[in-house]
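Visitor: I am new to this structure and would like to be led through it with some care. Could we look at it together and take one topic at a time?

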Amino acid sequence: MTTKRILICTAQVPFVRGGAEYLAEGLRDALRARGHAAEIVALPYQWHPVERIPESALAWRLLDLTQVNGAPVDMVIATKFPSYMVRHPRKVLWLVHQHRQAYDWYGTPLSDFANLPAHREVREAIFRMDRRGLGECRPRFTISRNVSARLRRFNGLDSEPLYPPSPFAARLRAGPYGDYILSASRLDRSKRLDLLLEAAALAGPAVRLLLAGDGPDRGRLEGLAARLGLGERTRFLGFVGDDELVGLYAGARAVYYAPVDEDYGFATVEAFGAARPVVTTDDAGGVLEFVRDGESGVVCPPDAAAIARALASLAADPALAERLGRAGRPQVAAIGWDRVVGALVGAS
């Protein structure tokens, strides 16, 4: 095997850690384990105020990573906006997502963009930059069919889905089907945890929730849980360590994961790795590439009453949870770093 010097390019929002960070670190470690020299290059990124976004893209464009301190860099792997603006003759794309606030979230409460001349100008600038930066990448991979579909819809570019494995894949295990519904995700509005809380209130005292994770929406969600009278039935655990999270998956009755048109969603593949069924919605995006209604989970409309019925059904029937959960496990068994590294490095 010919070893290569590879740089993984990613944008880092200071003080925020999530799936994109796990992906970059996992890829770095997988490349090193296979004999390559790999490092992560991360530049700070902020999306507010909107007018500052082009500066982040310009910072990447000013970088020429063809060599570092006189030693050549064989290839770069760009992961998310605006890291794919970096200059390199062998630039491979493994797209996590673009700046969704300018694309599919535009015109919704999830976007910071307003219908103002300055914001429209920034949005058009993002489109131009993406056409240039993404078009330079050869070849182009994404983390899901959903992200590939967006890339085709908005930018007219083809790509190949390449699923990333969970950082906990080798440690996930199937334990007893306990008495709680687990949510393991960042606490922000796009994850729609308010739907989960409203559903739990409707489902009654048999449904108990554990929410692992932190984020900007925590205060609002805790206030909502209090107003709904959920009391001790709902616990906000905050950030939990890896070992604790693996244990939470192993003992859950089911996992709730119903974000807005998700890119991919590690929570889905982690739930299946632990043989837990997933409760989701029919507009959850990449989650639906794995979850099949009545086969490996429950797919509901994005409606609290429908989700409540699903939660109550699983709470009343551990055998149902086990049947659905065990059916999901084979769907993620083939997701691993060998295929990812082979595709990304072989493509260069």
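Visitor: How many of the residues of helix α8 (residues 266–273) are buried?

Guide: Please keep in mind that this is a predicted model. A residue is called buried when its relative accessible area is under 20%. The residues of α8 that meet this cut-off include F266, V269 and F272, together with E270. Helix α8 is largely enclosed by the rest of the structure, because the number of its residues that are buried is 8 of the 8.

Visitor: Which elements do the buried residues of α8 pack against, and which residue with a positive phi follows the helix?

Guide: Among the packing partners are the helices α1 (19–33), α7 (242–251) and α10 (318–332). The strands β9 (181–184), β12 (254–256) and β13 (278–281) also pack against the buried residues of α8. The residue that follows α8, with a positive phi near 60°, is A275.

Visitor: Is R150 buried or exposed, and which residues does it touch?

Guide: R150 is found in helix α4, which covers residues 145–155. Its relative accessible area is 6%, and since buried means under 20%, R150 counts as buried. Leaving aside residues up to four places away in sequence, R150 touches R100, D104, N155, D261, E262 and D263.

Visitor: In what order do the strands of the open sheet with parallel pairing lie, and which are its edge strands?

Guide: This open sheet is formed by 6 strands, and their pairing is parallel. The order of the strands is β2-β1-β5-β6-β7-β8. An edge strand pairs on one side only, and those that do so here are β2 (37–44) and β8 (160–161).

Visitor: Over how many bridges do β6 and β7 pair, and which residue of β7 stands opposite W94?

Guide: Strand β6 (residues 91–97) and strand β7 (residues 140–142) run in the parallel sense where they pair, and they do so over 3 bridges. The residue in β7 that stands opposite W94 is F141.

Visitor: What radius of gyration does the chain have, and what share of its residues is buried?

Guide: For 348 residues, a compact globule would have a radius of gyration near 20 Å, and the chain agrees with this, having 21 Å. Of the contacts with a separation of 6 or more, 69% are between residues 24 or more positions apart. Buried residues make up a share of the chain's 348 residues that comes to 55%.

Definitions and conventions
Residues are numbered from 1 along each chain as its sequence is written. This is a predicted model: local features need pLDDT of at least 70, side-chain atom pairs count only at pLDDT 80 or more; totals for chains, interfaces and linings use all residues. Side-chain values use heavy atoms; hydrogens and water are left out. The radius of gyration is taken over C-alpha atoms; the globule rule is 2.2 Å times the number of residues to the power 0.38. Buried means under 20% relative accessible area, exposed over 50%, partly exposed in between (1.4 Å probe, protein chains only). Contact means heavy atoms within 4.5 Å. Helices (H or I, at least four residues) and strands (E, at least two) are DSSP runs, numbered from the N terminus. Two strands pair if DSSP finds at least two bridges between them.
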